[in-house]
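Here are a few exercises to work through with the model open in your viewer. Try each task before you read its solution.

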Amino acid sequence: MASLLLTGARVIDPSQNLDRTADLLVTNGKVAAIGPEATSKAVPDTERIDVSGLVVAPGLIDLHVHLREPGKSAKETIATGTAAAARGGFTSIVCMPNTSPPIENAGTVALIREKAAREGKVNVFVTGAISRNIAGEELAPIGSLKQAGIVAITDDGHCVQNNELMRRALEYARMFDLLVMDHCQDYALVSDGVMHEGYWSATLGLRGWPSAGEEMIVARNILLAETTGARVHCQHLSAAGSVDLIRAARKRGVPISGEACPHHFTLTDSAIAGSDIFWRADGKGVFGFNDMEQRPAWPNYDTNFKMNPPLRSARDREAILEGVVDGTIEVLCSDHAPHCDYEKEVEFDYAPFGITGLETELPLSLMQLYHTRRMSLPDVLARFTTGPANLLKLAKGTLQIGADADITVIAPDREWIFQRAESASKSKNTPFHGWTMKGKAVITVVAGRVVWSEQNELAAV
Ligand SMILES: [Zn+2]
């Protein structure tokens, strides 16, 4: 297998507190050396890429992705979803089980793992359902799912309402040392809400979805994690109250964690009233858009701003950012949720929840957390590497000698405009079309092989 030498970059690896200018050598798909010995150990036919001025980081991990295969391949496939991941700088993704059929038995797990190994551009880790058919009524066969190679269980897209069933799921998960990831939504409180319950839902005449609809289940999960000792991870946090609950619980040692998605810490519910109102009301909280001319425009009731959980108030947006900064939230992810245009091009009430995110999550996170000087670059990268790797106990997210050579090369200060048509995802349901981004992945390496690079893509055009 060919060797690869990346020269002159700022190498940042949060797993070993590494942050210095160095060369990095890859041989046989593994990290072989960092520093002066990288050059001296390189054999003559080594491929050399000059990455000076750029950042070399462990390959980024996204633990919340909907690949839609099997069953919904009009929206996305393993091939297109992993291509979007590679383009966004992600070398490992974790796919959610709400496919059709759902991932609730060992056969489906095997099917996805085989297909991902064949057609995937990046590593795909699989989650299994908590309940059969994700119906919340009886447990899925958690032991055999674990044996088939899942890394966590979740009913994402749905939420187990029966607290006793959830307790038993946690007890099993603890036995198998599996992480339980939960989409926190109290069905009775949320009912048929379509956007955050507040001033804008009342003004726009859309049914409200109260923050308590999330906080109630976060509180439930904390109590059950405490009761059972199982590790519970609350997915895509949107509400300030959820962050407060998790912060307090972690202080007293409860095995609870949370994740945040860029849309929840960039946008707010006023975006559903249209871009004019959003920029006027809450635009100050977005990095880089002081200039009127630069501000992207969109209409009111744009369904690309409809997701589950919904965009919330500016106060919630700030609380999510604070939670990421102080370490209450250790993981950043996309909740990449592709839908076809024809599904989204309907009235707001009828459109499915969800947006794509694999190609915009790194720049938006850099903008809101690093370029605003709230966090250092290594700390932001830790939320995409050691954060998810530790939670899922994956031997990923590190540049230790001997580790898989999964590497992301990043231009943190690069300004570019995101165009939905250029996305590798099969679906284009993004609210960030036309946005000027700051920061970009430019080379993605999986097991020592360049699976995507900006330069190669430009050369191919
Ligand atoms: Zn979800």
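**Exercise 1. A backbone oddity**

Keep in mind that this is a predicted model. Find where R373 sits, then work out whether R373 is buried or exposed.

*Solution.* Start with the place: R373 belongs to the loop between α14 (361-371) and α15 (377-384). Next, check the backbone: phi of R373 is near 65 degrees, a positive value although the residue is not glycine. Last, the surface: R373 has a relative accessible area of 76%, and the cut-off for exposed is over 50%, so R373 counts as exposed.

For another case, go to N133, in the loop between β8 (123-128) and α4 (142-148). N133 isn't glycine either, and its phi is positive, near 55 degrees.

**Exercise 2. Cis peptide bonds**

Look at the bonds from E69 to P70 and from S100 to P101, and place each proline in its loop.

*Solution.* Take the E69 to P70 bond: it is cis, with omega near 5 degrees. P70 is in the loop between β6 (60-65) and α2 (78-88). Now move on to S100 and P101, whose peptide bond is cis too, with omega near 0 degrees. P101 sits in the loop between β7 (90-95) and α3 (106-119).

**Exercise 3. The zinc site**

Which protein residues are the donors of the zinc ion, and why does the pair H183 and H236 tie together separate parts of the chain?

*Solution.* Step one is to list the donors: D156 through OD, H183 through ND1 and H236 through NE2, at 2.0 to 2.3 Å from the zinc ion. Step two is the spacing in sequence, which reads D-x26-H-x52-H. Step three is to place the histidines: H183 is in the loop between β10 (179-182) and α6 (187-190), while H236 is in the loop between β13 (232-234) and α9 (240-251), so the pair joins parts that are 53 residues apart in sequence. Both H183 and H236 are buried.

**Exercise 4. Aromatic rings**

Classify the ring pairs W279 and F289 and W298 and F305, then see which cluster they belong to.

*Solution.* The structure has 13 aromatic pairs. In one of them, W279 and F289 are 5.1 Å apart centre to centre, with 35 degrees between the planes. Stacked needs under 30 degrees and edge-to-face over 60, so this pair is tilted. W279 is in helix α11 (residues 275-282) and F289 in the loop between α11 and α12 (314-325), 10 residues apart. W279 is buried at 6% relative accessible area, and F289 is buried at 1%.

Now W298 and F305: their centres are 4.7 Å apart and their planes 25 degrees apart, which makes the pair stacked. W298 is buried at 9%, as is F305 at 2%. To finish, ring pairs link F278, W279, F289, W298, F305, F432 and W435 into a cluster.

**Exercise 5. A lysine over rings**

How far is K306 from the ring centres of F348 and F353?

*Solution.* K306 lies over the face of F348 at 5.6 Å from the ring centre. Its charged end also sits over the ring of F353, at 4.6 Å from the centre.

**Exercise 6. Two helices**

Describe how α5 and α8 pack.

*Solution.* The axes of α5 (residues 163-175) and α8 (residues 212-228) are 10 Å apart, at an angle of about 45 degrees. That angle makes α5 oblique to α8. As for handedness, α5 passes α8 in a right-handed crossing.

Notes. Residues numbered from 1 in each chain as written. Predicted model: local features only at pLDDT ≥ 70, side-chain atom pairs only at ≥ 80, totals over all residues. Heavy atoms only, no water. Donors = N, O, S within 2.8 Å, 3.2 Å for Na, K, Ca; no water. Helix = DSSP H or I, 4+ residues; strand = E, 2+ residues; numbered from the N terminus. Buried < 20%, exposed > 50% of the residue type's maximum accessible area, 1.4 Å probe, protein only. Phe/Tyr/Trp six-rings, centres within 6.5 Å; stacked < 30°, edge-to-face > 60°. Lys NZ or Arg CZ within 6 Å of the ring centre and 35° of its normal. Axes fitted to C-alpha atoms, helices over the stretch in contact; angles between N-to-C directions. Parallel < 35°, antiparallel > 145°, perpendicular 65-115°, else oblique. Left-handed = near helix turned anticlockwise from the far one by under 90°.
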